Amino acid sequence: ALVTGAAQGIGAAISERLIADGANVVAVDVNEARLAAVAQRLGPSCLPFVADIADESACAAAVDATVRAYGRLDVLCAHAGVAEPRGFLDEDADHWRRHMSINVDGAFYCMLHASHAMIGHGGSMVVTASINGFFVEETMTSYNVSKGALLTLVRSAAIDLGRRGIR
């Protein structure tokens with residue numbers, strides 16, 4: 001399995017649960033120190049991989065590392081994300097792009113490269129969105145929009161991937 005956002009919180013818990021259920025995990029995060037601590041705690045079934053998922057080549061490299069280490073990729077948990085409050089009138093292009101590049105582009109890159117690795121044997125993708133994709137919250141414009149886009153991305157991917165055994 002490949003888990004993004006694995007250095008803390010829910011991402012670390014996902015990795016821990018997958019390992020407890022017998023999976024090998026490539027744990028991906030941009031925070032090298034926290035990721036190393038999680039990997040050490042989870043033991044030899046956890047391979048840390050430092051990467052910024054906003055970079056497509058980093059996502060491709062994480063998928064490649066998973067396939068090299070474990071022979072194939074069966075599960076992608078695209079959990080990495082950012083949520084930084086800011087009112088609409090205080091938004092700027094950098095804040096907007098940060099949310100879109102991590103929350104949407106990063107998930108897209110991981111899903112795209114993981115799907116290519118799953119062709120032929122199938123697999124599962126779990127992508128963390130948010131209630132904010134349906135019901136917007138004040139001061140969370142960039143986050144709200146990114147999570148709405150993520151929900152549409154997942155539904156769009158499912159149309160093509162489902163018939164290929166990737167759910």
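**Notes on Leu 73, α3 and the α4–α5 pair**

1. Leu 73 is buried, with a relative accessible area of 0% (buried means under 20% relative accessible area, with a 1.4 Å probe and protein chains only). Leu 73 sits in the loop between α3 and β4 (75–78). Beyond its neighbours within four places in sequence, Leu 73 is in contact (heavy atoms within 4.5 Å) with residues including Ala 1, Leu 2, Val 63, Thr 66, Ala 114 and His 121. The C-alpha atoms of Leu 73 and His 116 are 9.7 Å apart, with these positions 43 residues apart along the chain.

2. A word on the source: this is a predicted model, where local features need pLDDT of at least 70, side-chain atom pairs count only at pLDDT 80 or more, and totals for chains, interfaces and linings use all residues. Residues are numbered from 1 along each chain as its sequence is written, and side-chain values use heavy atoms, leaving out hydrogens and water.

3. Now to helix α3 (residues 56–70; helices are DSSP runs of H or I, at least four residues, and strands are runs of E, at least two, numbered from the N terminus). Its buried residues are Ala 58, Cys 59, Ala 60, Ala 62, Val 63, Ala 65 and Thr 66. Among the elements covering them are β1 (2–4), β2 (25–29), β3 (46–50) and α4. Gly 71 follows α3 and has a positive phi, near 90°.

4. The axes of α4 (residues 93–118) and α5 (residues 141–161) come within 9 Å and cross at roughly 15°. That makes the two helices roughly parallel (angles under 35 degrees).

Definitions and conventions. Axes fitted to C-alpha atoms, helices over the stretch in contact; angles between N-to-C directions. Parallel < 35°, antiparallel > 145°, perpendicular 65-115°, else oblique. Buried < 20%, exposed > 50% of the residue type's maximum accessible area, 1.4 Å probe, protein only.
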